[in-house]
Amino acid sequence: MQLGKYYRLPKVLLTEQYQELSAEGALLYAVLLDRVELSKTNANNNAWTTTQGEVYVYFTLEEMQRILRRGHDKTTRVCRELEYHRLIKRIRVGCGKAYRIVVYPPKLRSEETAPHNATLKNYRSDDNAGNNTELTVLTDI
């Protein structure tokens, strides 16, 4: 049996620091990381970079749903989870269009330098359906 292409998953995502990262989050991050590598090779004319020089990829929610084999709500939660861990930044392009997604490398940090003690339940929209204040706080992280 011959192995085909594969996705690389950074080992740091399996450490205690990222213990709250779901398996779907790790999988989506690996796929996004792979797409960034392709964008880097195509970024020679700055076509795939932000004004700050960050390389981005275009990715629709439907594509993410297909890869994760999950519905809209679960896929949205996985994206928020990656944003919470500062692994990605989604930039809205327009209504009904794909997001520009900047993928950041995972960072190791000690618990003493952690910026907050928020729990992951704060980013889940289904737990806080009518309360937008907690979701706003997470964008300031």
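Helices and strands here are DSSP runs, numbered from the N terminus. The model is predicted.

**Whole chain**

Show the chain as a cartoon and follow it from the N terminus: the elements run α-β-α-α-β-β-α. That makes four helices and three strands. Now colour by burial; of the 141 residues, 36% count as buried. With a surface on, the exposed area is about 9,600 Å², and carbon and sulfur atoms supply 50% of it. For contacts between residues at least 6 apart in sequence, 56% join residues at least 24 apart.

**The nonpolar core**

Select Leu28, Leu32, Leu82 and Ile101 and show their side chains. These residues have the most contacts inside the largest nonpolar core, which has 24 residues. Two or more residues of this core come from each of α1 (23-42), β1 (56-59), α2 (61-68), α3 (72-84) and β3 (99-103). Which element gives the largest share? It is α1, with six residues. As background, nonpolar side chains in soluble globular proteins tend to be buried together.

Centre on Leu82 next and display what it touches. Leaving aside residues up to four places away in sequence, Leu82 is in contact with Leu21, Gly25, Leu28, Tyr29, Leu32, Leu87 and Ile88. Leu28 and Leu32 in that list are also among the residues with the most contacts inside the core.

**Helix α3**

Select residues 72-84, which form α3. This helix has 13 residues and reaches 18 Å from its first C-alpha to its last, close to the 18 Å expected at 1.5 Å a residue. Which residues of α3 are buried? They are Thr75, Thr76, Val78, Cys79, Glu81, Leu82 and Tyr84. When looking at the spacing of such positions, recall that an α-helix has 3.6 residues a turn, so residues three or four places apart point the same way. Past the end of α3, click on Arg86: its phi is positive, near 60 degrees.

**Glu24**

Move to Glu24, in helix α1. Is Glu24 buried or exposed? Its relative accessible area is 15%, so Glu24 counts as buried, because the cut-off for buried is under 20%. Show its surroundings: Glu24 touches Leu68, Arg70, Lys74 and Val78, not counting residues up to four places away in sequence. Of these, Val78 is one of the buried residues of α3.

**The strands**

Select β3, residues 99-103. This strand is mostly covered, with four of its five residues buried. Add β1, which runs antiparallel to β3 and is joined to it by four bridges. To see the register, pick Tyr58, which stands opposite Arg100 in β3. Then add strand β2, residues 88-91, also antiparallel to β3 and also joined to it by four bridges. Here the residue to pick is Arg90, opposite Ile101 in β3. Ile101 is a residue already met in the core.

**The aromatic pair**

How many aromatic pairs does a search of the whole structure find? It finds one. Select Tyr56 and Tyr58: they form an edge-to-face pair, 5.5 Å centre to centre, with 85 degrees between the planes. Burial sets the two rings' residues apart. Tyr56 has 4% relative accessibility and so counts as buried, whereas Tyr58, at 32%, counts as partly exposed.

Definitions and conventions: Residues numbered from 1 in each chain as written. Predicted model: local features only at pLDDT ≥ 70, side-chain atom pairs only at ≥ 80, totals over all residues. Heavy atoms only, no water. Core = buried A, V, L, I, M, F, W, Y, C linked by side-chain atoms within 4.5 Å. Buried < 20%, exposed > 50% of the residue type's maximum accessible area, 1.4 Å probe, protein only. Contact = heavy atoms within 4.5 Å. Areas by Shrake-Rupley, 256 points an atom, 1.4 Å probe, with all protein chains shown as cover. Expected span 1.5 Å × (residues − 1). Pairing = 2+ DSSP bridges. Phe/Tyr/Trp six-rings, centres within 6.5 Å; stacked < 30°, edge-to-face > 60°.
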